[in-house]
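User: Hey, I've got this one open on my screen and don't know where to start. Can you talk me through it?

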Amino acid sequence: MKRIILIVAIFLLARFNINAQELRNSHYVTNQKPLIAQPYTALPLGAIKPQGMLLKMLESQRDGLTGKLDSVYEVVCGDNNGWLGGTGDGWERGPYWVDGLLPLAYILNDQKLIAKAQKWVDWAIENQQENGYFGPMPLEEDYEIIKGTQQDMREDWWPKMVMLKVLQQYYTATNDERVINLMTRYFKYQLETLPEKTLGFVTWWAEQRGGDNLQIVCWLYNITGDKFLLELGELLHKQTIDWTTLFTDNSLRNTNPNSYVHCVNLAQGVKEPVIYYQQSKDKKYLNAVKEGLSAVKDVHGYVTGMYGGDEAMHGNDPTQGSEFCSAVELMYSFEGILPITGDVYYADYLEKIAYNVLPTQHTDDFMRRQYYQQTNQVMVTYEPRNFDCDYHGSATLFGTTTGYPCCLANMHQGWPKFVQNLWYATADNGLAALVYGASEVKAIVADGTEVHFTEETSYPFKEDIKFRYKTTESVKFPLHLRIPEWCNNATVKINDKLIDIEQNKGIVVIDRKWKQNDVLELTLPMELRFSRWHERSLGIERGPLVYALKIEEEWRSVKIDKYPDTYFEVFPKTPWNYGIQQRTIKPEKFEIFVADSISNNPWNLKNAPVKLKTTGKQIPFWKLYNGSHGKIPLSPHPYRKIDMPEEEITLIPYGCTTLRIAQFPVIEHQLQ
């Protein structure tokens with residue numbers, strides 16, 4: 001009898017788990033059968049509003065290059081662009097800009113910016129061809145296809161993928177049915193045309209980045225249910241390079257120093273196996289991404305989460321470059337992976353890039369940017385460096401068209417899309433805060449009630465996050481909260497009362513009837529963590545932030561005949577060549593100072609909200625080489641004495657630096 005009861009119990013439990021896995025959100029566009037049920041679903045553009053430092057950042061973009069690129073970079077993004085019917089550039093850069101401009105416009109509800117984006121959307125929709133093709137047409141009616149010509153580039157599949165992202169976002173903000181009509185016709189055109197003119201027919205970029213195309217096909221299927229989209233999805237996956245194999249066959253571990261893998265292609269390709277997993281249901285595609293990221297970390301990785309890629313993958317020496325496009329595209333990939341998998345690993349990784357890498361690569365006013373940043377960056381100067389593509393020594397300068405101009409157009413998507421992914425709808429018709437930042441959200445939950453939460457916090461600098469329920473109506477629904485992998489002993493209070501919490505793979509679910517002005521307080525204790533990197537160098541982290549040596553800066557304007565405007569070099573005013581002693585690598589050897597009040601513009605030396613004080617020694621023989629620091633000194637076995645006095649040194653959040661050492665030599669190091 002007991003055995004029968006046990007069998008029945010197991011059957012019911014298994015059935016319950018299957019049903020739980022099949023839950024699908026009732027209120028938003030989410031995966032429909034036969035695609036897997038996703039645990040989290042993106043909210044419509046504009047449902048999430050930033051506050052505090054995130055609002056200030058978007059306002060800086062509005063007043064900076066994002067709002068002005070059509071005049072600052074008129075030759076490409078002005079009215080003569082091919083995506084507006086002109087004879088100018090008809091490839092990726094115009095769509096790149098609008099891919100950041102449009103979400104910024106709708107999040108801020110800025111009518112001037114909305115109007116700027118609207119004319120690009122309208123042109124794309126109103127000029128679709130009878131056969132379903134959309135985008136700029138070749139400049140001449142009769143020409144011989146020669147790969148790389150302006151005419152040929154206009155027919156490339158790749159820039160259409162960027163504009164599809166724009167149109168998807170526009171639809172979620174407006175429900176303009178013209179988007180659904182355009183995409184349906186275009187995807188039918190693709191299904192008919194791709195067997196002959198494959199993704200790689202014009203350039204390699206499209207076959208490298210086919211996951212972006214596949215992602216929008218899956219999204220449209222969830223709206224229309226058209227079966228031909230599943231057929232197209234299979235075709236796109238087959239014609240995209242095999243990222244799954246590349247991530248799992250040790251290719252990435254063998255691509256230094258001679259690499260055929262492009263840094264931005266990798267950032268975009270990361271999501272393709274997971275996007276395809278929705279259709280295939282084969283977990284090898286899920287596993288491949290983490291295996292690939294592990295390989296990247298081991299061979300090319302930095303403490304920041306980025307990797308050496310300038311532009312080819314280029315190893316893990318922290319003086320190698322990291323391209324701005326790689327950062328924003330890697331963020332976008334994680335934003336696509338997270339709701340499909342519900343894996344907090346990707347939320348942690350997304351925050352790491354956003355709160356460390358992203359703010360260092362543009363100026364506070366969002367008027368200039370670096371093409372490459374260096375994890376250990378001791379000078380920003382116009383001179384050659386040991387990069388795969390050096391761009392005549394201009395690649396680290398802060399400017400507009402320094403390096404290569406793709407990042408000038410593509411960098412705008414980083415912060416707006418990060419804000420758009422702070423909150424998600426859940427499969428159980430609740431709400432999830434999976435990525436943390438000051439914000440507010442309005443979303444439909446439970447049986448169809450719209451609710452309103454504010455998130456009040458100085459995260460990522462402080463540990464406390466306060467969620468306030470603002471809706472007058474009491475509603476029962478689950479609120480999902482992420483507990484980062486770096487956090488131990490997280491606590492939750494509701495209305496000042498500590499409650500017991502239970503994590504399931506890093507997620508805490510608070511299922512209750514919420515009443516107006518209920519306050520949930522989440523505390524995420526931030527402890528110091530130490531890690532080892534290239535040449536046993538030391539990385540130091542606390543919470544989601546990486547910490548780096550504070551180096552005083554001198555900014556100098558420079559005019560170069562090759563470029564139309566003024567650029568900036570940055571020189572150190574204080575020493576940079578410090579190492580940290582082995583005996584100092586303990587939490588108790590660091591004093592932590594957190595400012596009571598945090599500026600809405602914290603990403604600079606003056607306003608850095610957190611300081612770590614410890615001791616270090618200058619290393620006299622660690623000197624400059626080709627505009628960067630020389631090879632990181634590695635203490636020989638058993639140890640090397642550095643005959644220099646101990647000094648107090650200050651570390652600040654990596655995102656607040658321009659010049660920095662974030663991977664320190666370890667001195668007086670003895671192998672155990």
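Analyst: Sure, some vocabulary to begin with: helices (H or I, at least four residues) and strands (E, at least two) are DSSP runs, numbered from the N terminus. Residues are numbered from 1 along each chain as its sequence is written. The model is predicted, so local features need pLDDT of at least 70, side-chain atom pairs count only at pLDDT 80 or more, while totals for chains, interfaces and linings use all residues, and side-chain values use heavy atoms, with hydrogens and water left out.

User: Cool. Where is Pro 460, then?
Analyst: Pro 460 is in the loop that links strand S8 (449–457) to strand S9 (464–469). The peptide bond leading into Pro 460 from Tyr 459 is cis, its omega being near 20 degrees.

User: And what's the bond from Asp 310 to Glu 311 like?
Analyst: That bond is cis as well, with omega near 10 degrees. Glu 311 belongs to the loop between helix H16 (284–300) and strand S3 (321–323).

User: Why point those out?
Analyst: Most peptide bonds are trans, and most residues other than glycine have a negative phi. On the phi side, Asn 109 has a positive value near 50 degrees without being a glycine. You'll find Asn 109 in the loop between helix H5 (93–108) and helix H6 (111–126). Asn 495 isn't a glycine either, and its phi is positive too, about 50 degrees.

User: Where's Asn 495?
Analyst: In the loop joining strand S11 (491–494) to S12. Asn 495 has 40% relative accessibility, so it counts as partly exposed (buried is under 20% relative accessible area, exposed over 50%, partly exposed in between, with a 1.4 Å probe and protein chains only).

User: OK, sheets. What order do the strands of the seven-stranded one come in?
Analyst: S2-S7-S8-S9-S14-S11-S12, in an open sheet with antiparallel pairing. Two strands pair if DSSP finds at least two bridges between them.

User: Which strands sit at the edges?
Analyst: S2 (48–50) and S12 (497–499) do; each has a single partner strand, so one side of each has no neighbour in the sheet. From one strand to the next, the twist averages 20 degrees (axes are lines fitted to C-alpha atoms, and angles run from 0 to 180 degrees between N-to-C directions).

User: How many bridges join S2 to S7?
Analyst: Three, with S2 and S7 (residues 439–445) running antiparallel. In that pairing, Lys 49 is opposite Glu 440 of S7.

User: What about S18 and S19, what do they form?
Analyst: A hairpin, with six residues between the two strands. Seven bridges hold the antiparallel pair S18 and S19 together, and Glu 554 faces Phe 571 of S19 across it.

User: Is Ile 560 buried or exposed?
Analyst: Buried, because its relative accessibility is 9%. Ile 560 lies in the loop between S18 (553–559) and S19 (566–572).

User: What does Ile 560 touch?
Analyst: Setting aside neighbours within four places in sequence, Ile 560 is in contact with Tyr 382 and Leu 397 (contact means heavy atoms within 4.5 Å). Ile 560 and Tyr 382 are 178 residues apart in sequence, while their C-alpha atoms are 9.2 Å apart in space.

User: One more: how is the five-strand sheet paired?
Analyst: The pairing is mixed, in an open sheet ordered S1-S5-S6-S10-S13. S1 and S13 (507–514) are its edge strands, each pairing on one side only. Within this sheet, S5 (residues 423–426) and S6 (residues 431–433) pair antiparallel over three bridges, and Tyr 424 is opposite Ala 432 of S6.
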